[in-house]
Every structure is written in structure tokens, then in C-alpha cells.
Amino acid sequence: MLVVHLIYDTRDAMGANTINTAVEALAPLVEDITGGRVLLRILSNLADRRLARARCSVPAGALTFKSDGRTFEGRQVVGRIVEAYAFAAVDPYRAATHNKGIMNGVDAVVLATGNDWRAIEAGAHAYAARHGRYTTLSQWEKTPGGDLVGTLEMPMAVGIVGGATRVHPLPKVALKILGVQTGRELAETIAAVGLAQNLAALRALATEGIQRGHMSLHARQMAIAAGAEGDDEIERLAAQLVQERAIRLDRAQEILGTLSGHFDK
């Protein structure tokens with residue numbers, strides 16, 4: 001079996017259609033040269049020549065916070081984040097969830113800008129396993145001064161021209177908001193969002209626990225489902241559900257029904 005790779009610079013386009021057209025056009029030439037039969041003619045979503053990288057440096061002091069009467073000191077938070085990363089780096093079960101957290105941010109921007117989030121997901125996870133073992137896409141370390149440094153590297157085949165970016169109005173608005181001028185700038189922005197999302201998840205997971213944030217979000221969803229309206233009403237009802245540790249639709253409806261005029265509005 002012979003595998004032929006066509007390296008094609010698609011510039012500001014994602015490039016799937018361009019590459020697929022090119023490899024199909026070259027197939028007869030390959031058959032003439034090799035005397036064989038070409039079977040598959042398609043791009044690879046492991047775009048490891050289109051890597052996007054992001055890096056951040058966070059002062060330890062900026063990570064100090066209080067939660068439920070507890071104080072988490074910045075240097076303590078740095079150490080816990082690094083430990084959480086180290087766990088993910090060596091354990092594929094933890095790495096899968098670690099990388100899923102990164103993709104929570106990445107996929108949102110990819111989808112909003114009219115790009116193929118499934119292609120980005122496939123490339124990211126293949127890249128995470130490129131050395132024969134699935135591991136993390138990001139790395140976190142502590143500087144000699146005690147601050148936190150994070151880096152993220154992953155394939156990012158995205159574009160700002162062609163496909164949905166040209167015909168759908170919402171990607172046009174998203175790209176205008178981002179202010180990116182090239183496909184490369186978009187890829188860098190997406191990587192930065194992924195790294196920021198990863199930092200937020202690790203900080204929560206390594207300190208107060210991930211369920212605090214998840215339950216707060218769930219409580220807001222229950223409040224809305226019960227019929228609460230407006231930010232103030234939704235937040236107040238959600239806060240009571242969290243305080244009671246009874247984040248259920250029936251309880252949300254019960255509380256809402258006993259409050260005159262929906263919190264006297």
C-alpha cells in the first residue's frame with residue numbers, strides 16, 4: 001500500500017473542498033506513475049501542519065479567591081492546578097475529560113464562525129494521541145517565582161472565507177466581533193479561548209470542586225423552566241434552590257408559586 005500526501009496551503013480557507021478537488025485531479029497521474037489503483041482521495045483532519053498555539057502567564061496573586069468562607073491562596077491554587085495537569089498528562093481517562101474542557105471553549109468559537117467543529121474535534125484528539133498514548137493538549141507549570149504558565153498546541157484548520165462563512169450571516173457577525181483578518185488569527189484566537197476554558201475548569205476542579213459551578217448553572221435552568229423571568233428573579237430563585245440543596249423543577253415551581261408577584265416585581 002502506498003500513501004501519497006499532498007501538502008496544500010489553503011491560506012484563509014478551511015480548505016476541505018480545495019484539497020479534495022486537488023487529490024481527485026491528481027489521482028490519474030498517481031496511477032500512471034505507480035501502475036496501481038488509487039482508492040481513497042480525501043483530506044485528513046489531522047492537520048498537524050496547521051497548528052495553533054496559545055500561552056498565558058498568570059500571577060499567583062491573581063488566583064487567590066474566597067468561596068463559602070474558605071480562602072484559597074494563589075500559590076496553593078497554582079500548585080493544585082499543576083498537580084491536576086500532571087494527573088491528566090499520565091492518565092488517559094483523566095486526559096479525555098481534561099481535553100473535553102478545552103474543547104468546550106474551542107467548539108463554541110468554531111461553530112459560531114461557521115467552521116467545522118467535528119473536523120477540529122477529530123484532529124485535536126488524534127493529535128493528543130500522536131505519540132501512541134492519549135494525553136493532554138495543554139501543559140501547565142509553575143515558574144521559579146511561583147506563578148502559573150499554561151500552553152496549548154493543537155491542529156486548527158479553520159477559515160474566514162468560503163463555506164458557511166460566506167453565505168451565513170451569523171458567522172459574518174461573529175468574525176466581525178472577533179476582529180480577525182486572517183484564518184491564522186482566527187486559529188490563534190480559538191486556541192486562546194480553549195486555554196482560558198481549561199484554566200477555569202482546572203481552577204474550579206482543583207479547589208472548590210466542579211459541581212459548585214455546575215449546580216449553579218443547573219439551578220438557573222430549573223428557575224427558567226419553572227417560569228422565572230428576568231435576570232433578578234432567575235438569580236434569586238436559583239440562589240434559593242442552591243441554598244436548600246434542592247435543585248428540582250417541582251421545588252422551583254413551589255417556591256415561585258408562593259412568592260407574591262414573582263418576587264414582588
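Select Arg-11 to begin: with a relative accessible area of 65%, this residue is exposed. The model under view is a predicted one. Arg-11 belongs to the segment that precedes helix H1 (16-34). A display of the backbone torsions shows a phi near 55 degrees for Arg-11, a positive value in a residue other than glycine. Most residues other than glycine have a negative phi.

**The whole chain**

Next, zoom out until the entire protein chain is in view. The chain has 11 helices and 5 strands. Its radius of gyration is 24 Å, well over the 18 Å that the globule rule gives for 265 residues, so the chain is more spread out than a compact globule. Taken along the principal axes, the box filled by the C-alpha atoms is roughly 80 × 50 × 35 Å. Colouring by accessibility brings out the buried residues, which make up 39% of the 265 residues. A surface representation corresponds to about 15,500 Å² of exposed area, of which carbon and sulfur atoms supply 54%. Of the contacts between residues at least 6 apart in sequence, 65% join residues at least 24 apart.

**The sheet**

Now select residues 51-58, 138-142 and 148-155. These ranges are strand E1 and strand E4, together with strand E5. They form an open sheet of 3 strands in the order E1-E5-E4, with antiparallel pairing. E1 and E4 are the edge strands, each pairing on one side only. On average, and with direction ignored, neighbouring strands of this sheet are turned by 10 degrees against each other.

Follow E5 along both of its sides. E1 and E5 run antiparallel and are joined by 8 bridges, while 5 bridges join E4 to E5, also in antiparallel fashion. Thr-151 in E5 is a convenient point of reference: Arg-55 stands opposite it, and so does Gln-139. Strands of a sheet pair through backbone hydrogen bonds, either parallel or antiparallel.

Continue to the hairpin of E4 and E5, where 5 residues lie between the strands. Within this hairpin, select Gly-146, which takes a positive phi near 95 degrees.

Return to E1 and show its side chains. Ala-52, Ala-54, Cys-56 and Val-58 point to one face and are buried. Leu-51, Arg-53, Arg-55 and Ser-57 point to the other face and are not buried. In a regular strand the side chains alternate between the two faces of the sheet.

**Helices on the sheet**

With the sheet still displayed, add residues 74-90, which are helix H2. This helix packs on the sheet and touches E4 and E5, and its direction makes about 140 degrees with that of E4. Then add helix H7 (residues 183-206), which packs on the sheet in contact with E1, E4 and E5. The direction of H7 makes about 45 degrees with that of E1.

**The nonpolar cores**

Which residues have the most contacts inside the largest nonpolar core? Select Val-106, Trp-140, Met-154 and Met-156 to see them; the core has 42 residues. Two or more residues come from each of E1, H2, helix H3 (92-112), helix H4 (117-128), E5 and H7. H7 gives the largest share, 7 residues. In soluble globular proteins, nonpolar side chains tend to be buried together.

Centre the view on Val-106, in helix H3. Val-106 has 0% relative accessibility and therefore counts as buried. Beyond its neighbours within four places in sequence, Val-106 is in contact with Ile-120, Met-154, Met-156, Ile-190 and Gly-194. The C-alpha atoms of Val-106 and Leu-195 are separated by 8.8 Å, although these residues are 89 residues apart along the chain.

Move from Val-106 to Met-156. Not counting residues up to four places away in sequence, Met-156 touches Arg-50, Ala-52, Val-106, Ile-120, Ala-187, Ile-190 and Ala-191.

A second, separate core has 13 residues. To find this core, select Ala-219, Met-222, Ala-226 and Leu-241, which are among its members.

**A last stop**

Finally, select Asp-116 in the loop between H3 and H4. Is Asp-116 buried or partly exposed? At 28% relative accessibility, Asp-116 counts as partly exposed. A distance drawn between the C-alpha atoms of Asp-116 and Glu-73 reads 40 Å, for two residues that are 43 residues apart along the chain.

Technical notes:
Residues are numbered from 1 along each chain as its sequence is written. This is a predicted model: local features need pLDDT of at least 70, side-chain atom pairs count only at pLDDT 80 or more; totals for chains, interfaces and linings use all residues. Side-chain values use heavy atoms; hydrogens and water are left out. Two strands pair if DSSP finds at least two bridges between them. Helices (H or I, at least four residues) and strands (E, at least two) are DSSP runs, numbered from the N terminus. Axes are lines fitted to C-alpha atoms, for helices over the stretch in contact, and angles run from 0 to 180 degrees between N-to-C directions. Contact means heavy atoms within 4.5 Å. A nonpolar core is a set of buried Ala, Val, Leu, Ile, Met, Phe, Trp, Tyr and Cys residues joined through side-chain atoms within 4.5 Å. Buried means under 20% relative accessible area, exposed over 50%, partly exposed in between (1.4 Å probe, protein chains only). The radius of gyration is taken over C-alpha atoms; the globule rule is 2.2 Å times the number of residues to the power 0.38. Accessible areas come from the Shrake-Rupley method with a 1.4 Å probe; for residues, only the protein chains shown count as cover.
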